[in-house]
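Reader: I'm new to this and keep tripping over the labels people use. Could you show me the structure and take me through a few of them?

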Amino acid sequence: MPRDGDIDERFGKLHRISLTPGGLFSRLTGAGAIEVNTAHAQGIDRLADGLEVEATAPDGLVEGIRLAGTDSFAVGVQWHAEHRYREHALSDALFRAFGEAARAHAFARAPRAGVA
């Protein structure tokens, strides 16, 4: 990650990633690829059981994952999704989906009137 320059220079879009066809990221955006501001020095070597790849860089590095086989919202990304997220279709969609999942979880846990 560049250490010099303003935040827009450090976290500006750097490269294109491919989204897994039919995956969550692809469904959220309707796209097969998108540009991201990847700025990292580490990556996934071996994917843990229960995780599925959602996005990859041109060199094959995993850029996005999700927890499979659950209704829980659990994703991971290798870019700074928080930077100017409203200007980035996938990052904005991920934050919206997370908010929706959090609200649904809270609603499911909330006590109901007349229910013991």
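Author: Sure! Let's start with one cut-off: a salt bridge is a side-chain nitrogen of Lys or Arg within 4 Å of a carboxyl oxygen of Asp or Glu. Keep in mind that this is a predicted model. Here E52, E54 and R66 are linked in a network of salt bridges.

Reader: What makes E52 and R66 a salt bridge?

Author: Their closest N and O atoms are 2.9 Å apart, and the limit is 4 Å, so the pair counts. E52 sits in strand β3 and R66 in strand β4, 14 residues apart, so this pair links distant parts of the chain.

Reader: Why is E52 called partly exposed?

Author: Its relative accessible area is 37%. Buried means under 20% and exposed means over 50%, so a value in between gets the middle label.

Reader: How do you know that D92 and R96 meet in a salt bridge?

Author: Same kind of check: N to O is 2.9 Å, and the cut-off is 4 Å, so they qualify. They're four residues apart in helix α3, so about one helical turn separates them.

Reader: And which of the labels, buried or partly exposed, goes to D92, and which to R96?

Author: D92 comes in at 15%, so with the limit for buried at under 20% it is buried. R96 is at 47%, which doesn't get over 50%, so R96 is partly exposed.

Reader: What about D45 and R46, which meet in a salt bridge? Why is D45 called exposed?

Author: D45 has a relative accessible area of 66%, and exposed means over 50%, so the label fits. R46, at 70%, counts as exposed too. Their N to O distance is 3.5 Å, and that is within 4 Å, so the bridge counts.

Reader: Now the rings. Why is the pair of F25 and W79 called edge-to-face?

Author: The centres are 6.3 Å apart and the planes are at 80°. Centres within 6.5 Å make a pair, and planes over 60 degrees apart count as edge-to-face, so both tests are passed. F25 lies in helix α2 and W79 in the loop between β5 and α3, so the pair ties together parts 54 residues apart in sequence.

Reader: What makes F73 and F98 tilted instead?

Author: Their centres are 5.9 Å apart, and their planes meet at 50°. That angle is neither under 30 nor over 60 degrees, so the pair is tilted.

How values were computed:
Residues are numbered from 1 along each chain as its sequence is written. Side-chain values use heavy atoms; hydrogens and water are left out. Rings of Phe, Tyr and Trp (its six-membered ring) pair if their centres lie within 6.5 Å; planes under 30 degrees apart count as stacked, over 60 as edge-to-face and the rest as tilted. Helices (H or I, at least four residues) and strands (E, at least two) are DSSP runs, numbered from the N terminus. Buried means under 20% relative accessible area, exposed over 50%, partly exposed in between (1.4 Å probe, protein chains only).
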